[in-house]
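Hi everyone, thanks for making time this morning. I'd like to walk you through one structure and stop at a handful of residues along the way. Please have the viewer open so you can follow along.

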Amino acid sequence: MFHVLALAAATVAYRVSPLHPLARFPGPAIHRCTSLKNAWVTSTGRRHLYIDALHQQYGRIVRIGPDALSINDSTAVGPIYAAANAMDKNASYTFGGAKGKGLFFMKEREEHNFRRRMWAGAFSEAKEWFEVLERRTLELQEVLQSRADADKCGVVDLRQALCHWTYDVMGDITFGNSSQVNMLRDGDPEDVILTGHLATIVLEVVGEIPSLFSLLWYLPAGEKMRALEQRAARWMAQRAAADPLDARQDIASYLLEKDESTGATLLGPDDLTADAILAVQAGSDTPAGILTYLFFFLLWHPNVHALLYRELFAAFPTADAPLLPRTLATLPYLDAVITETLRLGAPFHGLPRVVPPAGAALAGEFVPPGTTVSVPSWSRHLDPAHFGPDPLIFRPERWLDGSADRAALMTFSFGPFGCIGKPLAIAELQVCLVRTVLTYELAFAPSFDIAAFRAGALNIRTPVFRHPLRIMLSKRV
Ligand code: HEM
């Protein structure tokens, strides 16, 4: 025991001493000593606000951990994330305990490149997505009406319906006709959404202290995650047995690629399971959160809602007109509303990367090797130099009048680890938003408290909402 205490004391003494390679960077004393404070702040869902406040107090570069810097400077985005030789993910991406490894958790570059190439095939053609998106979105419209009819006050929790919709969409897009996911119809009796959400939160909070990962897997919280793992393994096995993979229609068909000489799948069952969970989870949870923000912002800003409806009605005058991708791509106000939501509705605090052995020059400073560095995207999204003088206001017009800089938007990150699902995500947002706005007149439920909803809108790597988005709807005539 004495030895452990002595070691802990020596570690802290070194971390706060002028001998530490990060000693010259400013920041609160607690962050020099331990990562525990970060883990706690992350668990509150307000880390993006906390980091932003630190930058306002200490400047562009802040020491936010014993070996970690947050760099609020646009010149650091390229070398950290976007360049071909961008930095690798740090240890927080090690999800110990899980048997297989999904693309997101691969830190070793060659291994990551190989797997990313397999995924990339699934995103090279978009045509099947729209069939799925249209079909599931029409189902969403029916479900919204039936849930409103079933409620004695005619109120629907739009947030919940959007979660069900994104899960169903991703079930279809990942597993094709073998999908077992039908939450719009059946709800979520097995708590898949909550479990996936929990896994993301655990990853983010415990990522601050990666050595805890393996332990957590075996605690009660890990039980649900093991259940999710088993369910995903079942889904993938059913998909593998379903039909020959020549149709190449769903994400699974690309992940189930076979070695031509042996006929065995290139990925083992555990890695297939891990990627199946990743596809459904990554494609559902964050898009559902962004969609929730989209509808919240629209209902909160009736003038924006009206302008959007006018543009959509002109493009799709009949209720059942197909939402052709080429028409959607020509609608400037739709694009502005979505992009503005991606700016304000994805408050990430900064994705952690590790400085390579040679060190790096970042924002005009030499940063020593092994340092964890991140650029806080929430703070970047509030920079008046890139988004105009009123960055906290939801104002889609900034994307039309030239006051916002598209290249400065960090929502999907960039480069080798950037979001591979971005085109699908945009299609999800477009189709769901457009069809719903064209079908229904929407309004907040009378009891809905805008201030409470905003205060309970948090972020733990993905949007987290403490309160339901309670709305009322009536069919447009
Ligand atoms: C609006 C919705 C979405 C947002 C804001 C978003 C954002 C991001 C971000 C910021 C990353 C990088 C994370 C990191 O480096 O830690 C990422 C990675 C990823 N995203 Fe998305 N995403 C969205 C939708 C999707 C969809 C629809 C899919 C489809 C399956 C998807 C699949 C992935 C995958 C597989 C990765 C890991 C990529 C890699 O490591 O190479 N995402 N996403």
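Let's start with Leu140, and with what surrounds it. Setting aside residues within four places in sequence, Leu140 is in contact with Ala161, Leu162, Trp165, Leu184, Cys432 and Thr436. This is a predicted model, by the way, so please hear everything I say in that light. Leu140 itself sits in helix α7, which covers residues 127–150. Is Leu140 buried or exposed? Its relative accessibility is 0%, so Leu140 counts as buried, the cut-off being under 20%. Now look at one of those contacts, Thr436: 296 residues separate Leu140 from Thr436 along the chain, yet their C-alpha atoms are 8.5 Å apart.

My next stop is Leu469, in the loop between β11 (463–465) and β12 (470–475). Leu469 is buried too, with a relative accessible area of 0%. Which residues does Leu469 touch, if we ignore neighbours within four places in sequence? The contacts are Val156, Asp157, Leu158, Arg159, Thr292, Phe295, Phe296, Phe444, Phe448 and Phe453. For a pair that is spread out in space, take Leu469 and Ile251: they are 218 residues apart along the chain, and 31 Å lies between their C-alpha atoms.

Let me zoom out to the whole chain for a minute. The protein chain has 21 helices and 12 strands. Its radius of gyration is 23 Å, close to the 23 Å that the globule rule gives for 477 residues, so the chain is as compact as a globular protein of that length. If you are thinking about box dimensions, the C-alpha trace spans about 70 × 60 × 40 Å along its principal axes. Of the 477 residues, 55% count as buried. Among contacts in the chain with a separation of 6 or more, 71% are between residues 24 or more positions apart.

On to surface and charge. The chain exposes about 20,700 Å², and 60% of that comes from carbon and sulfur atoms. How far apart are the mean positions of the 46 positive and 49 negative charges? They are 5 Å apart.

Now for the metal, which I suspect some of you were waiting for. The ligand carries an iron atom, and a single donor from the protein reaches that iron: SG of Cys419, 2.3 Å away. Cys419 is found in the loop between α19 (384–387) and α20 (422–439).

The loop between α19 and α20 also holds Ser413. Here the backbone is worth a look: Ser413 is not a glycine, and its phi is positive, near 55°. Ser413 counts as buried, at 15% relative accessibility.

There is another backbone angle to check, at Ala363. Phi of Ala363 is positive, about 50°, although the residue is not a glycine. You will find Ala363 in the loop between β6 (360–362) and β7 (365–367), and it is buried, with a relative accessible area of 11%.

My last stop is Ser379, in helix α18, residues 377–381. Ser379 is buried, with a relative accessible area of 4%. Which residues does Ser379 touch, leaving out those up to four places away in sequence? They are Asp52, His55 and Asn72.

That's my tour. Thanks for listening, and I'm happy to go back to any of these stops.

How values were computed
Residues numbered from 1 in each chain as written. Predicted model: local features only at pLDDT ≥ 70, side-chain atom pairs only at ≥ 80, totals over all residues. Heavy atoms only, no water. Helix = DSSP H or I, 4+ residues; strand = E, 2+ residues; numbered from the N terminus. Rg over C-alpha atoms; globule rule 2.2 N^0.38 Å. Buried < 20%, exposed > 50% of the residue type's maximum accessible area, 1.4 Å probe, protein only. Contact = heavy atoms within 4.5 Å. Areas by Shrake-Rupley, 256 points an atom, 1.4 Å probe, with all protein chains shown as cover. Lys, Arg positive; Asp, Glu negative; His and termini not counted. Charge placed at Lys NZ, Arg CZ, Asp CG, Glu CD. Donors = N, O, S within 2.8 Å, 3.2 Å for Na, K, Ca; no water.
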